[in-house]
Amino acid sequence: MLIHTSKSGFVHPLASEITPQAVWNERRQWMGQAATLSAGSVLAAGLPGLAGAAESLPDKITPFKDATGYNNFYEFGTDKADPARNAHSLVTHPWRVKVDGLVKKPIEFALEDLQKLAPQEERVYRLRCVEGWSMVLPWQGYSLAELIRRVEPLGSAKYVEFQSLADPKTMPYVGSRLLDWPYVEGLRLDEAMHPLTLLTFGMYGQPLANQNGAPVRLVVPWKYGFKSTKSLVRIRFTDHQPATAWNKAAPDEYGFYSNVNPEVDHPRWSQATERRLGEGGLLTKKRKTLMFNGYAEQVASLYAGMDLRRNF
Ligand SMILES: Nc1nc2c(c(=O)[nH]1)N[C@H]1C(S)=C(S)[C@@H](COP(=O)(O)O)O[C@H]1N2
Ligand SMILES: [Mo]
């Protein structure tokens, strides 16, 4: 079985087809054990460079009901239960995604064609919300780099902007003054090209639930959750840093980079620890937040020489 477990994250490719739920559940149990075991054996081996690992518990997949019942999707309300309650109104068929800006081959995809652009695989990623909770989800998709290579960015393209749908008829809070709509996020081109950056169509062996950003979203696992734009309709290549929704709303609180960093606090709270969804209640011991959410080995080099306190 092709499972590759690294010290700080785990990614395991599988057949391109989305697995039926029953088979998936069975395999999931096995995977959970494998993930736990390997975290244990790394500790037993006493490998260097793992400071703090002893205090971090092994990851388990977050229960489906937590992943689909506790969400941020402000287009559908600000309470964590609002997206699950309200996102049934989102219409995900037909769906188109435009890819344009500074590229040689701009294109508009029908969702079905975008889904088939590259083989999809399952990736188990941690996602850490800037508000202090986290989860571990089995996503399905392919590296965004697959798409980027096909549109051939021009030499002048330095950033990528991601736009969510903003349809006031189906998204009750679009038009409210919560944020400047549409929801926009951005990455540097090299961040967008990083193999961990996932163009995501499914989770738990199923198409994405509406509240999780159906029918296609981004997942950038080493950054705070708000960088992972839901319900994407446009991907645009630019020569300047995109003005992002949260950065515009509160520039001192939500920086453009927003890499998970336990040493750089949010102005209103510490980022040193997190609560894992599905792991008991408010009295359960918190987990240590890991640098780059545990993906430092893969992504730290993207930020070599950068002051991560200034570029928060
Ligand atoms: N369009 C859009 N995308 C969004 C958000 C949002 O409000 N609107 N919330 C973000 C935040 S703050 C987080 S933590 C994650 C949550 O993803 P999940 O609900 O699948 O856990 O989605 C991100 N993507
Ligand atoms: Mo978040």
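**Exercise 1. Ligand 1**

How far does a polar side-chain atom of N71 lie from an oxygen atom of ligand 1? Then list other side chains in polar contact with ligand 1.

*Solution.* The model is predicted.
- Step 1: The N71 distance is 2.8 Å, taken from a polar side-chain atom to a ligand oxygen.
- Step 2: Look at N212. An N or O atom of its side chain is 2.9 Å from an oxygen atom of ligand 1.
- Step 3: Look at S164. Here the partner is a nitrogen atom of ligand 1, 2.9 Å from a polar atom of the S164 side chain.
- Step 4: Place these in the site. Ligand 1 is surrounded by 16 residues, with N71, Y74, M135, R217 and K230 the closest.

**Exercise 2. K227**

Decide whether K227 is buried or exposed, and describe its surroundings.

*Solution.*
- Step 1: Locate K227. It sits in the loop between β11 (217-219) and β12 (232-238).
- Step 2: Apply the cut-off. Buried means under 20% relative accessible area. K227 has 1% relative accessibility, so K227 is buried.
- Step 3: Check contacts. Beyond four places in sequence, K227 touches E185, G186, L187, L218, V220, F256, Y257 and S258.
- Step 4: Find a polar partner. A polar side-chain atom of K227 lies 2.9 Å from the backbone oxygen of G186.
- Step 5: Compare sequence and space. C129 and K227 are 98 residues apart in sequence, and their C-alpha atoms are 9.5 Å apart.

**Exercise 3. The second largest pocket**

Describe the lining of the second largest pocket.

*Solution.*
- Step 1: Count. The lining has 24 residues; N72, C129, Y183, G225 and F226 lie nearest the centre.
- Step 2: Sort. Twelve are nonpolar, seven polar and five charged.
- Step 3: Assign strands. β5 (121-128) and β6 (133-143) each give at least two lining residues.
- Step 4: Add the volume, about 410 Å³.

Methods. Residues are numbered from 1 along each chain as its sequence is written. Chains are lettered from A and ligands numbered from 1 in the order in which they are written. This is a predicted model: local features need pLDDT of at least 70, side-chain atom pairs count only at pLDDT 80 or more; totals for chains, interfaces and linings use all residues. Side-chain values use heavy atoms; hydrogens and water are left out. On a 1 Å grid over the protein atoms alone, a cavity is a set of points where a 1.4 Å probe fits but cannot get out, and a pocket is an open set with protein on both sides within 12 Å along at least five of seven lines; lining residues have an atom within 4 Å of a point. Grid points are joined across faces, edges and corners, and a volume is the space filled by probe spheres set on the points. Helices (H or I, at least four residues) and strands (E, at least two) are DSSP runs, numbered from the N terminus. Ala, Val, Leu, Ile, Met, Phe, Trp, Tyr, Cys and Pro count as nonpolar, Asp, Glu, Lys and Arg as charged, and the others, Gly among them, as polar. Buried means under 20% relative accessible area, exposed over 50%, partly exposed in between (1.4 Å probe, protein chains only). Contact means heavy atoms within 4.5 Å. A polar contact is a pair of N or O atoms within 3.5 Å; within protein, one must be able to donate a hydrogen and the other to accept it, and residues adjacent in sequence count only if both atoms are side-chain atoms. A residue is near a molecule or strand if one of its heavy atoms lies within 4 Å of it.
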